[in-house]
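Please examine the sequence and the structure together before reading on. The paragraphs below move from the overall fold to a hairpin and then to the aromatic residues.

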Amino acid sequence: MKFSTEELDFFSNIFTETTNDSMESDSQNQLSIKASVPDYFRQVLVGSKLSLLAEISHYQLWFPVSLSISEQGEFSPKLGTPEIIDVKGSERSWRVNTPKDVAIIDIFHDQKVEVLSLSATGLTLKVLSSDNIYNDLQQSSFEMSLAGEKPLKLELDLVRHEKNIVAAKFKDLQEGRESLRKFIFNSHKVKYSNLYQDIIL
């Protein structure tokens, strides 16, 4: 793509410090750019929790953004792993169906549990017995391994169950939340590689 001479002149004039006559004559509509941020505002930005939204097809990717300041006083943004929301129909966290490389162990009963789906907020399991599933979930101690990484301890809240299929949400997953997000994000990129082919992350 080539720019015309007029377009190149326009871009060069934007970044020059001298103002043209039309800008000087109307001081109320003057545009100025500051490279530095006042100290009081800088501390607010660095301590803030920010998010960047990217939309791909019917998916929203919410990237956590943290800001740090370099020794030269410049902002340095860092993108975290996004939360993926499927906005087709009802908005909810995107699910990996029958995820590979995921193992959940019921420590209390010393048995592996089959994972039917996994999201950043919860999972669906196939359990052996549905007799007293609520008490089993409360009493059991679960561990989840993602792609061979260090096992994460899980505490689950029952959402619904039908026969031996159980849907549960994570109670507290602060320690493993980033690992889970990375696993789900990588699974999404593999499944929908066509959506990511022109995107650099």
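Accessible areas are obtained here by the Shrake-Rupley method with a 1.4 Å probe. On that basis the protein, which is a predicted model, exposes about 14500 Å², with carbon and sulfur atoms supplying 50% of this area. Of its 201 residues, 28% count as buried. The secondary structure comprises six helices and 13 strands. Among contacts between residues at least 6 apart in sequence, 49% join residues at least 24 apart.

One hairpin can be followed in detail. Strand S12 (residues 156–162) and strand S13 (residues 165–170) run antiparallel and are joined by six bridges. Within this pairing, His161 stands opposite Val166 in S13. Two residues lie between the strands of the hairpin, where Lys163 takes a positive phi near 55 degrees.

The aromatic residues offer a further view of the structure. A search of the whole structure finds four aromatic pairs. In one of them, the rings of Tyr59 and Tyr192 have centres 5.3 Å apart and planes at 45 degrees; the pair is therefore tilted, since only angles over 60 degrees count as edge-to-face and those under 30 as stacked. This pair links distant parts of the chain, with Tyr59 in strand S2 (residues 59–69) and Tyr192 in the loop between helix H5 (177–191) and helix H6 (193–196), 133 residues apart. Tyr59 is buried, at a relative accessible area of 3%. Together with Trp94, Tyr59 and Tyr192 form one aromatic cluster.

Phe185 and Tyr196 form an edge-to-face pair, 6.1 Å centre to centre with 70 degrees between the planes. Because Phe185 lies in helix H5 and Tyr196 in helix H6, the pair ties together parts that are 11 residues apart in sequence. Both Phe185 and Tyr196 are buried.

Technical notes. Residues numbered from 1 in each chain as written. Predicted model: local features only at pLDDT ≥ 70, side-chain atom pairs only at ≥ 80, totals over all residues. Heavy atoms only, no water. Helix = DSSP H or I, 4+ residues; strand = E, 2+ residues; numbered from the N terminus. Buried < 20%, exposed > 50% of the residue type's maximum accessible area, 1.4 Å probe, protein only. Contact = heavy atoms within 4.5 Å. Pairing = 2+ DSSP bridges. Phe/Tyr/Trp six-rings, centres within 6.5 Å; stacked < 30°, edge-to-face > 60°.
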